[in-house]
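Dear colleague,

Please find below the structure that I am handing over to you. A short account of the findings comes after it.

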Amino acid sequence: MTRFATALAALALVGCGGSDSGQPQGDGGENAKRWPTQDTLVIASQADIGSLIPVKPRTATDSFIMANLAIETIDSDFDCSLKKREGLAKSWEWSDDGKKITIKLHEGVTWEDGEPVTADDIKFSYELAANPNVASPRLGYLEYLKPDANPRVIDDHTLEFEFTRAYDRDAQAAHVSLEAMPRHILGSADPGTLEGHPFATNPTFFGPWRLAKHIPNQSVILEPNWKYTGPEYRKPKLDRVVFKVIPEYSARIIALEKGDVDLVENLTIADVDRLRKEHPDDLDIKLRGYRAMDYVGWNGTKFAPFNDIKVRQALAHAVDRDRIMKKILTGEDGTLYAKPAVGTITPELCGVHNDDIVPLAYDPEKAKGLLAEAGWTDSDGDGWLDKDGQKFAFTMVTNQGNKRRGDTAVEIQADLKKIGIDMSLDTKESNTFFERVEHREYEAFLAGWSASLFIDPSTIWGTETLPDRPRPYNHTLYSNAEVDALISQGLNTPDPREAAPIWKDLQAKIYADQPYLFLWWLNIPVAIHKRFEGEKINVLSPYQDLHEWYVPADKVKYKR
Amino acid sequence: MSAEPQVGALLGILGFVAILLVFARIGGVSMTYAMKRIGMAVPLVFAVVTFIFILLELAPGDASTKFLNPDFPPEVRQMVIAKYGLDKPAITRYFIMMGNLAVLDFGRSISAERPVWDLVRTALPNTVMLSGVTLAVAYPLGIVLGIVQAVRQGKPTDTAISIASLTFFSMPSFWFAMMLQLFVAYYFSTWITGMIDAGTLPGFFSVFDFDVTGMNSNEIQMAMAVGDDVSWLEWAGDVGHHLLLPGVAMGVAGSASAARYMRSSLLEVIRQDYIRTARAKGLSERVVILKHAMRNALLPIITLMGLSIPFMFSGSVLVEQVFSWPGMGQLIVQSIFNQDTPTIVACFFVSTLLVVTGNLVADLSYAMVDPRIRYD
């Protein structure tokens with residue numbers, strides 16, 4: 001609503017004398033040197049920021065925003081795998097056994113308040129993350145760090161981390177890269193209520209952007225950190241980035257079409273089709289990559305026939321996945337927003353994903369044959385398969401409010417009916433659903449995984465034969481000693497190139513066992529206004545490296 | 001825990017009570033009666049809070065459920081459970097909570113780790129503003145329409161307003177809100193700005209260019225962010241402009257029902273003898289309707305207003321969600337998603353108080369308008 005506000009502003013100028021926006025103002029600092037920037041990016045955000053405390057992010061958006069306010073010690077980008085690059089660290093060195101890393105930080109980097117960023121600030125983050133009173137979601141970073149998960153500070157700009165074992169080096173590098181936190185500001189804060197500290201919504205960082213203003217439940221406004229002292233190439237080119245809180249999906253779309261916002265994530269395919277048609281000149285559709293997958297879990301502990309591998313293979317042959325993808329995951333122009341899944345490792349990890357696995361093809365006759373081999377035939381001629389007087393009937397449950405899963409469930413039901421399997425459908429409210437899936441209370445369930453970019457199949461596929469803690473996410477109690485052995489071997493191979501063949505082998509073994517009906521990986525569409533260039537929307541973040549985004553002079557929309 | 005939020009809550013409630021008592025005084029209602037009515041709020045709040053707590057206990061999962069995710073080590077969930085005592089038996093947690101509420105300590109939000117009072121304090125004024133303005137506009141408007149209908153009974157104006165009000169009354173407010181967004185904030189506003197750009201309409205028509213969501217325009221927020229002075233007038237004008245569509249979405253049903261009630265109540269009154277007397281005296285129709293008939297006809301409307309305050313509050317939950325209005329409705333929705341019991345309980349605590357107050361104000365106004373009614 002540009003114009004009405006401008007009119008108001010003109011009115012108000014008479015009253016207050018106005019202000020010259022060309023001058024540095026407020027706490028931007030009178031002495032700070034500014035560089036040329038132009039235009040504003042307005043991002044529609046489903047929720048307000050929860051907390052911008054590095055050891056206590058509450059939502060994915062918190063982490064995405066934080067990545068621009070602070071710089072990770074060893075920073076990541078993504079291209080087939082996590083690519084490590086300099087961040088707050090200028091350089092780093094691994095010991096020969098891969099159990100020790102020595103990190104040298106950039107010198108002269110300061111917090112917004114002028115204090116230097118030191119190795120001790122990083123140590124501070126690790127102290128907090130280890131504190132049980134903090135209950136940090138980043139606790140996983142510390143699992144293999146010693147002693148007491150604390151880095152050793154050698155001098156102001158050098159520190160050393162030691163690991164109890166060497167594992168995937170990308171993961172190790174990420175685990176030592178928890179963002180630094182200012183001990184001089186937060187040192188006296190109560191660790192038990194960190195998220196409630198004013199820092200959580202009004203933080204002080206050292207990255208290329210700073211949080212200029214947080215209006216609760218309305219918006220978060222970033223502007224360039226004019227006192228930024230890190231590497232030159234990270235200096236922002238935009239005036240501002242605004243996160244506008246719009247909880248309702250349909251309202252986000254209308255705001256996008258109207259031009260109130262420039263970027264909306266997680267579009268439905270129907271909306272993508274419409275936006276492509278109605279806004280060909282001002283909106284672009286980008287795809288974030290394959291980060292989320294859907295699958296059906298066959299829980300043999302609840303419904304015994306699923307324990308038979310022939311039955312599981314038959315079910316895979318019985319479901320026409322290509323047809324379902326064409327029906328619910330394809331745009332009008334034929335663009336497919338999904339890719340068949342053969343495991344829980346995302347195809348984005350190109351060197352590791354096993355492209356040689358051929359998905360089991362749709363073949364109802366073969367499915368019937370396999371089921372007959374397993375003893376399931378229609379002996380009483382009622383149209384449904386049975387064995388020893390038991391009808392092949394079970395219930396598949398999915399979570400409410402997810403249209404894609406609801407539609408998918410109906411399609412699967414129809415396909416199974418064709419070969420004589422009676423599958424009933426049920427939906428449950430999400431919290432109930434996930435809790436019951438965890439307790440393995442459903443015979444079959446349609447759910448999904450969001451892929452980790454670090455490879456650790458133990459969380460989903462590992463069993464009790466693996467040392468370490470219990471695995472609460474092995475929802476179907478999958479158990480294969482060979483797979484366990486491969487998981488151990490892979491997790492203990494630090495060099496990603498050496499680990500790749502192990503992971504490929506693992507994917508093939510798991511796929512052969514068909515513990516799930518693997519459906520597809522979803523490619524999530526993001527709409528963005530066409531005036532932006534240099535934008536990076538990838539599997540890591542829908543707004544990666546905001547400092548590279550810019551708008552050419554002739555297309556600027558928001559003038560200062 | 002600092003006592004500051006408690007002091008804030010206490011002052012708020014005392015302020016409330018004081019206003020009510022002043023109101024009662026003006027209305028000539030006995031103080032004992034007013035105090036008795038205010039005192040009745042206590043058991044009511046107690047019952048509501050207990051009921052909400054039981055409902056939340058019956059729902060599966062708790063605030064730690066969101067850590068049930070392979071992205072987090074399982075220990076995190078255990079830490080959260082330990083930190084907030086979620087493993088204690090429900091009855092223990094209930095008594096702890098009630099003990100705290102008794103001294104007006106709403107506790108800390110589990111998901112935000114901030115005093116719940118802080119969250120309520122930020123959200124409540126926005127909801128009060130939205131519902132207050134809506135009530136203040138919707139009811140007078142409904143009353144006027146009702147009068148027009150009654151005066152023109154059976155004529156096309158009456159029929160047209162009847163049809164319109166029944167239509168609006170039967171529309172679900174969230175659906176109507178979405179339609180307003182699409183047709184007014186998008187199609188209509190885009191059309192208007194197109195005309196202004198083409199020079200067909202003068203610039204001041206930009207008041208018809210509505211934002212789809214929020215309480216402030218991007219421009220005002222950005223100006224605030226870089227420390228530019230935003231005058232009070234500018235801010236209020238912007239908020240008022242943003243208030244219009246959610247206000248209409250929430251108020252239309254209220255207007256419609258007020259119009260219906262006003263129409264029938266006025267029709268009943270103008271058939272009475274004293275109105276005939278007034279007319280026979282040769283008073284003008286305007287004086288007859290507005291002065292003699294109105295006073296009696298307004299009585300049911302006052303009851304209706306008191307009763308509609310809870311609807312304003314529940315309606316705001318959906319409308320705030322659709323229009324991204326940062327008020328109590330959004331806070332309730334978020335805390336329910338986060339299963340943040342302390343915040344949910346506090347929200348209902350506050351809304352119960354508001355409802356009690358609304359009803360009380362309605363009763364007292366009744367006594368003020370109709371001298372025959374005495375509360376002792």
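The notes below cover the interface between the chains and then two helix packings.

This is a predicted model, in which local features need pLDDT of at least 70 and side-chain atom pairs count only at pLDDT 80 or more, while totals for chains, interfaces and linings use all residues. Residues are numbered from 1 along each chain as its sequence is written, chains are lettered from A in the order in which they are written, and side-chain values use heavy atoms, without hydrogens and water.

Chain B contributes 68 residues and chain A 66 residues to their contact (heavy atoms within 4.5 Å). About 5,900 Å² is buried between the two chains, 59% of it from carbon and sulfur atoms; this is the accessible area (1.4 Å probe) lost on being put together, summed over both parts. Four salt bridges are found across the interface (a side-chain nitrogen of Lys or Arg within 4 Å of a carboxyl oxygen of Asp or Glu). B:R77 and A:E435 form a salt bridge at 4.0 Å, N to O.

Within chain B, helix α6 (residues 116-151) packs against helix α15 (residues 341-369) at about 45°, with the axes 10 Å apart. Helices are DSSP runs (H or I, at least four residues), numbered from the N terminus, and axes are lines fitted to C-alpha atoms over the stretch in contact, with angles from 0 to 180 degrees between N-to-C directions. α6(B) and α15(B) are therefore oblique to each other (neither under 35, over 145, nor 65 to 115 degrees).

The axes of α6(B) and α13(B) (residues 299-323) come within 10 Å and cross at roughly 135°, which makes α6(B) oblique to α13(B) as well.

With kind regards

Methods. Helix = DSSP H or I, 4+ residues; strand = E, 2+ residues; numbered from the N terminus.
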